[in-house]
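Q: Please take a close look at one part of this model. What lies around it, and what does it lead into?

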Amino acid sequence: MAIIVNLDVMMAKRKMSLNELSEKVGLTLSNLSILKTGKAKAVRFSTLETICEVLQCQPGDILEYRKED
C-alpha cells in the first residue's frame, strides 16, 4: 500500500496508549487498531481531525505517501 499510517509513532511521541487515544477520540479499540496497523480502507476527515487534535499534530504526521515500485 502506498499510504503508510504512522499513528503508532505519534502515539509514542505523545506517550499515549491505544486505550487512552480510543477514549479521547471516541473510536472503539478495534477500529483504532485497524487504522493503526494500516489495514483501514478509508478514514473520515472528522476522525482524522479529532486524532490530530488529541495528538496535537498535523495529518501529514500520521499519514505518509510512499511510491510503490
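A: **Helix H4 and its surroundings**

Gln 56, which comes just after H4, has a positive phi of about 50 degrees. The model is a predicted one, in which local features need pLDDT of at least 70 and side-chain atom pairs count only at pLDDT 80 or more, while totals for chains, interfaces and linings use all residues. Residues are numbered from 1 along each chain as its sequence is written, and side-chain values use heavy atoms, with hydrogens and water left out.

Helices (H or I, at least four residues) and strands (E, at least two) are DSSP runs numbered from the N terminus. Helix H4 covers residues 45-55, and confidence in the protein is highest there, at a mean pLDDT of 97; pLDDT is the predictor's confidence in each residue, from 0 to 100. The lowest value, a mean of 94, belongs to strand E1 (residues 3-5). For the protein, the mean is 94, and 99% of the residues reach 70 or more.

The buried residues of H4 include Thr 47, Leu 48, Ile 51, Cys 52 and Leu 55. They lie on the same side of H4, because the arc they cover around the axis is only 135 degrees. That arc is taken from the directions from the helix axis to the C-beta atoms. Buried means under 20% relative accessible area, exposed over 50%, and partly exposed in between (1.4 Å probe, protein chains only). Phe 45, Glu 49 and Glu 53 are exposed on the other side of H4. The elements against which the buried residues of H4 pack are H1, H2, H3, H5 and strand E2 (63-65).

After the helix, the chain enters the loop between H4 and helix H5 (59-62), where Gln 56 is found. Gln 56 counts as exposed because its relative accessibility is 66%. Most residues other than glycine have a negative phi. Gln 56 is a residue other than glycine with a positive phi, and so is Lys 15, with a phi near 55 degrees. Lys 15 belongs to the loop between H1 and H2 and is exposed, with a relative accessible area of 75%.

Ile 62 is part of helix H5 and is buried, at a relative accessible area of 3%. Not counting residues up to four places away in sequence, Ile 62 touches Leu 48, Ile 51, Cys 52 and Cys 57, as well as Ile 4, Val 5, Asn 6, Leu 7 and Met 10. Contact means heavy atoms within 4.5 Å. Ile 62 and Val 9 are 53 residues apart along the chain, yet their C-alpha atoms are separated by 8.0 Å.

Leu 63 lies in strand E2. Its relative accessibility of 28% makes it partly exposed. Beyond residues up to four places away in sequence, Leu 63 has contacts with Ile 3, Ile 4, Val 5 and Leu 48. From Leu 63 to Ile 51 the C-alpha distance is 12 Å, with their positions 12 residues apart along the chain.

H2 is another of the helices that the buried residues of H4 pack against. In H2, Leu 21, Ser 22 and Val 25 are buried. These three cover an arc of only 105 degrees around the axis, so they sit on the same side of H2. Helix H1 (7-13), H3 and H4 are among the elements that cover them. Ser 22, in H2 (residues 18-25), has a relative accessibility of 8% and therefore counts as buried. Its contacts, leaving aside neighbours within four places in sequence, are Leu 27, Thr 28, Leu 29 and Leu 32. H2 is followed by Gly 26, with a positive phi near 90 degrees.

H3 (residues 29-36) contains Lys 36, which is partly exposed at 28% relative accessibility. Lys 36 touches Val 5, Leu 7, Asp 8, Met 11 and Leu 18, with residues up to four places away in sequence not counted. Lys 36 and Asn 19, 17 residues apart in sequence, are 12 Å apart from C-alpha to C-alpha.
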